[in-house]
Amino acid sequence: MIFDTHAHYDDEQFDADRGELLASMPENGVGLILDPGCDYESSRRAVELAERFPHVYAAVGWHPENCAPFVPEDLDALRALAKHPKVVAIGEIGLDYYWAENPPREFQQEVFRLQLALAEELDLPVIVHDRDAHADSLAIVREFPNVRGVFHCFSGSVETARELWKLGWYVGFDGPLTYKNAKKAAEVAAEAPADRILLETDSPYLAPVPLRGKRNDSRNLTHVAEKLAELRGTTAAEIAALTEANGRRLFRIP
């Protein structure tokens, strides 16, 4: 069974068929799903989905693109959500320097550090969003040597990945691994230690080839698993089993 360790089913793109779609996942080979929040409200919705569906788990956090309204008092609300038994991580947190209209970099860094400190306090792993901020993201996670997690949809160099693996971090692979221009991701996928890789969709975004441009969902992870298997000289079934075991270990799901 596949473990989709990053899918935003709380997103409005799933409003029309969310319940039916999530209920169908086990019969479609998707045994586990982790839904990370992007602000307080989406985190709360992710927890509600985890309550409704036995195969869905939640993470709670403030995404760097969404963190403009964040104030330190919001940590108390996150802390309360994180005490739910099906919350298994703090996320999606991190840095995004791609969009000019994003919150200022210094503020993103402050919010990132506060949430890493919360993860350390609660002894939870984290889900890191790093877009065009590889050096700063690596430097900041180094400040928290007791925190581990995954760099979601990893887009950095193999050199950066090696540093993360030395620190005990995981990297996640999504639809972009199947794109023609995914040279760096392919290099990382080929070299990654077997116990440090995860499968993700980032649903409803980043649909893989041959579904690029369409709404993504967890059933499409087979395409990513097949590409990862090709790059590593193994089978998609072995990749599915390996990444499920890795996800269960990182997020402490029995």
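**Helix packing, sheet order and pockets in the predicted model**

Helix 5 (residues 134-142) and helix 6 (residues 158-166) pack with their axes 11 Å apart and at an angle of about 10 degrees, which makes helix 5 roughly parallel to helix 6, given that angles under 35 degrees count as roughly parallel. The contact is made by L138, V141 and R142 on the side of helix 5, and by T160, E163 and L164 on the side of helix 6. By residue class, this contact of helix 5 with helix 6 divides into 3 nonpolar, 1 polar and 2 charged residues. The model described here is a predicted one.

A second helix pair is formed by helix 2 (residues 40-52) and helix 3 (residues 74-82), for which the packing angle is about 10 degrees and the axes lie 11 Å apart. Helix 2 is therefore roughly parallel to helix 3. In this pair, Y40, S43, R44 and V47 of helix 2 meet A77, L78 and L81 of helix 3, and the residues of the contact comprise 5 nonpolar, 1 polar and 1 charged.

The strands of the model are arranged in an open sheet of 8 strands, which follow the order 1-2-3-4-5-6-7-8 with parallel pairing. Strand 1 (2-4) and strand 8 (197-199) stand at the edges of this sheet and each has a single partner strand, so that one side of each is left without a neighbour in the sheet. From one strand to the next, the twist averages 25 degrees. At the edge formed by strand 8, the pairing with strand 7 (residues 170-173) is in the parallel sense and extends over 3 bridges; within this pairing, V171 has I197 in strand 8 as its bridge partner. Helix 2, already described as a partner of helix 3, also packs on the sheet, where it touches strand 2 (30-36), strand 3 (56-60) and strand 4 (87-96), and the direction of helix 2 makes about 160 degrees with that of strand 3.

The largest pocket has a volume of about 1100 Å³ and is lined by 39 residues, of which H129, R131, C153, D202 and L206 lie nearest its centre. At least two residues of this lining are supplied by each of helix 2, strand 4, strand 5 (126-131), strand 7 and helix 7 (183-191). The lining of the largest pocket divides into 13 nonpolar, 10 polar and 16 charged residues. The second largest pocket has a volume of about 180 Å³, and its lining consists of 14 residues, with D123, P125, N146, R148 and R252 lying nearest the centre. Helix 4 (105-122) and helix 9 (236-251) each supply at least two residues of the lining of the second largest pocket, and this lining divides into 6 nonpolar, 2 polar and 6 charged residues.

Several backbone features were also noted. D202, one of the residues nearest the centre of the largest pocket, is found in the loop between strand 8 and helix 8 (221-232), and its phi is near 60 degrees, a positive value in a residue other than glycine. The loop between strand 8 and helix 8 also contains P210, which is joined to V209 by a cis peptide bond with omega of about 15 degrees. Another cis peptide bond joins G91 and E92, with omega of about 20 degrees. E92 lies in strand 4, a strand that is touched by helix 2 and that supplies at least two residues of the lining of the largest pocket.

Notes:
Residues numbered from 1 in each chain as written. Predicted model: local features only at pLDDT ≥ 70, side-chain atom pairs only at ≥ 80, totals over all residues. Heavy atoms only, no water. Axes fitted to C-alpha atoms, helices over the stretch in contact; angles between N-to-C directions. Helix = DSSP H or I, 4+ residues; strand = E, 2+ residues; numbered from the N terminus. Parallel < 35°, antiparallel > 145°, perpendicular 65-115°, else oblique. Contact = heavy atoms within 4.5 Å. Nonpolar A, V, L, I, M, F, W, Y, C, P; charged D, E, K, R; others polar. Pairing = 2+ DSSP bridges. 1 Å grid on protein atoms, 1.4 Å probe; cavity = no way out; pocket = protein on both sides within 12 Å on 5 of 7 lines; lining within 4 Å. Points joined across faces, edges and corners; volume = space filled by probe spheres on them.
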